[in-house]
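Grab a pencil and open the structure viewer. Below are some short exercises to work through at your own pace.

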Amino acid sequence: MPTTTTTGSLPVASLPRECDAAIIGGGAAGFFAAITCAESNPGLRVALIEKSAQCLAKVRISGGGRCNVTHACFEPTELVRHYPRGAKALRGPYSRFQPRDTMAWFESRGVALKIESDGRVFPVTDQSETIIECLTRAAQQAGVSVHTTTSIRDIRRDSSGSGSGFVATVKDAEPLRCKRLLLATGNGVYGWRWAQELGHTIEEPVPSLFTFTIHDPRLRDLAGVVVDPVCLRLKDANLEQPGPLLITHWGLSGPVVLRLSAWGARILHERGYLMELEVDWAPKRTTEQLRDSISKEKTANARRTIMSHPVEDLPKRLWARLTHAAGIREDERWADLSKSETVRLVDEIHRGTFQITSKGVFKEEFVTCGGVRLDEVNLKTMESRVCPRLHFAGEILDIDGVTGGFNFQSAWTTGYLAGLAMAAGE
Ligand SMILES: Cc1cc2nc3c(=O)[nH]c(=O)nc-3n(C[C@H](O)[C@H](O)[C@H](O)COP(=O)(O)OP(=O)(O)OC[C@H]3O[C@@H](n4cnc5c(N)ncnc54)[C@H](O)[C@@H]3O)c2cc1C
């Protein structure tokens, strides 16, 4: 049976038969839209409908339970560079509501935030629950009626009355009529299906932000080794990313892998997650500089074994694997390193090729690349250009960012703009 609450604990009236603004999806985008709409126009009846028993489930698990709310990047043109999909389209929205506004929004409601050294923003409590409580309280105070465990069966344009709104068929309840409708269903398939039925095109949804599965003897038993920075290149795709790498039991992970998986989400999907990856283990050095370091080792450590004496501060166990892959004997000394071995070693350090065999499962963060096409949406109001009074916000759109708080920021911004427009519209 549909459940109706304002805070998750206080029961209020059951699902209304009519409302002014219906918001489908009780995630970050849906809550921000509902609160903004109800606060901007207190006379409106705003209903937020969530299919599961609890709202804001992703906020709860986000950032390892700490919720990385946004990123301290306050320049819209710089901010949009963190979005493999939606960068251009987000410039306008971010000139209206950006991370500074998000921070002010939460802080003005009593949530103290902190900026970590890498720019990620978290609540000072390090608890995502703080964000959930704030959003839930704000929704309640603004008079939003939140209806959990409420399954919408289908959505149509309302042909009765003025004929300009929508009617949603609800499981175990009367249909709901509304003047304006917001789809904020994240990566739920029904949201995309309804958007399509109402005239929209969906860019094929595929995963983004994942690790690479690689079975390679050079990585075996090196789980836990971190190299910072490396530069990764997806061969054949003209895509590269610098940053910290983590070797795992099943392949490669760490911020640089997640970023590359986001930029390469589509091509990796097209190739069935079978692609060659080039790893530069010493990206701060040119080939010339690397050759110089090697010849200095040959002189300074001539009698020491190559394997026990890494160049460029590479972790010892990784260095042993790289030298082995370059065909260097375990007991070979620096003095005996031949010219051809030097070439092979430099190649191994600068251009080691690894075969990605599948997409790993990364539990920290995962988003969807693809969704409602952006040229069919007015990015000032988040209103559909093909179906008047229908709005979109959050991950349902063809927008996704890299890790670091960018995905929530696009949900807050698009939710905020949709909420304002719904409040102002007839
Ligand atoms: C494990 C994990 C950790 C993450 N950590 C971070 C982070 O720290 N920082 C960051 O920026 N991003 C993070 N993200 C990404 C972020 O969670 C999403 O970008 C964000 O939640 C998108 O918000 P949304 O409101 O569009 O969608 P969602 O949060 O997915 O909300 C959509 C809601 O709609 C509901 N719904 C779906 N279909 C229906 C339907 N038919 N009827 C009614 N309701 C429906 C869903 O149940 C859900 O509650 C993380 C993602 C994951 C998976």
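What follows is a set of tasks, each with a worked solution.

Before you start, note that this is a predicted model, where local features need pLDDT of at least 70, side-chain atom pairs count only at pLDDT 80 or more, and totals for chains, interfaces and linings use all residues. Residues are numbered from 1 along each chain as its sequence is written.

**Exercise 1. The whole chain**

Find how many helices and strands there are in the chain, and what percentage of its residues count as buried.

Solution.
- Step 1: count the elements. The chain has 13 helices and 22 strands. Here helices (H or I, at least four residues) and strands (E, at least two) are DSSP runs, numbered from the N terminus.
- Step 2: check burial. A residue is buried if 20 or more other C-beta atoms lie within 10 Å of its own, exposed if 12 or fewer, and partly exposed in between, with C-beta atoms placed from the backbone. By that rule, 45% of the 426 residues count as buried.
- Step 3: get the dimensions. The C-alpha trace spans about 90 × 40 × 40 Å along its principal axes.

**Exercise 2. Domains**

Work out which residues make up each domain, and which strand gives the most to the side of domain 2 that touches domain 3.

Solution.
- Step 1: split the chain. Domain 1 covers 3–206 + 365–424, domain 2 covers 212–282 and domain 3 covers 287–353. These bounds come from an automatic or database domain assignment.
- Step 2: look at domain 2 and domain 3. Their centres, taken over C-alpha atoms, are 23 Å apart. The contact takes 10 residues from domain 2 and 14 residues from domain 3. Two residues are in contact if their C-beta atoms, placed from the backbone, lie within 7 Å.
- Step 3: name the strand. On the domain 2 side, strand 16 (residues 275–280) gives the most, with 4 residues.
- Step 4: sort that side by class. It has 6 nonpolar, no polar and 4 charged residues. For this, Ala, Val, Leu, Ile, Met, Phe, Trp, Tyr, Cys and Pro count as nonpolar, Asp, Glu, Lys and Arg as charged, and the others, Gly among them, as polar.

**Exercise 3. Around the ligand**

Identify the residues that come nearest the ligand and the helix that gives the largest share of its shell.

Solution.
- Step 1: find the nearest. There are 36 residues around the ligand, and Gly25, Gly27, Gly186, Gly188 and Gly394 come nearest. A residue is near a molecule or strand if its C-beta atom, placed from the backbone, lies within 6 Å of it.
- Step 2: list the elements. Helix 1 (28–40), helix 2 (57–65), helix 7 (189–197) and helix 13 (406–424) give two or more residues each to the shell.
- Step 3: pick the helix. Helix 2 has the largest share, 5 residues.
- Step 4: sort by class. The shell divides into 15 nonpolar, 15 polar and 6 charged residues.

**Exercise 4. Two hairpins**

Trace how strand 14 pairs with strand 13 and with strand 15.

Solution.
- Step 1: start with strand 13 (residues 226–234). It pairs with strand 14 (residues 239–247) in the antiparallel sense over 7 bridges. Two strands pair if DSSP finds at least two bridges between them. One pair to look for is Cys231, which stands opposite Pro242 in strand 14.
- Step 2: look at the turn. The hairpin of strand 13 and strand 14 has 4 residues between them, and Asp236 in the turn has a positive phi of about 75°.
- Step 3: move on to strand 15 (residues 251–253). Strand 14 and strand 15 pair over 2 bridges, again antiparallel. They form a hairpin with 3 residues between them.
- Step 4: spot the cis bond. A cis peptide bond, with omega about 0°, joins Asp228 and Pro229, and Pro229 sits in strand 13.

**Exercise 5. Positive phi in two loops**

Decide whether Thr149 and Asp313 are buried, partly exposed or exposed.

Solution.
- Step 1: take Thr149. It lies in the loop between strand 7 (145–148) and strand 8 (152–157), and its phi is near 45°. Thr149 counts as partly exposed because it has 17 C-beta neighbours inside 10 Å.
- Step 2: take Asp313. It lies in the loop between helix 10 (287–300) and helix 11 (316–325), with a phi near 55°. Asp313 has 9 other C-beta atoms within 10 Å, so it is exposed.
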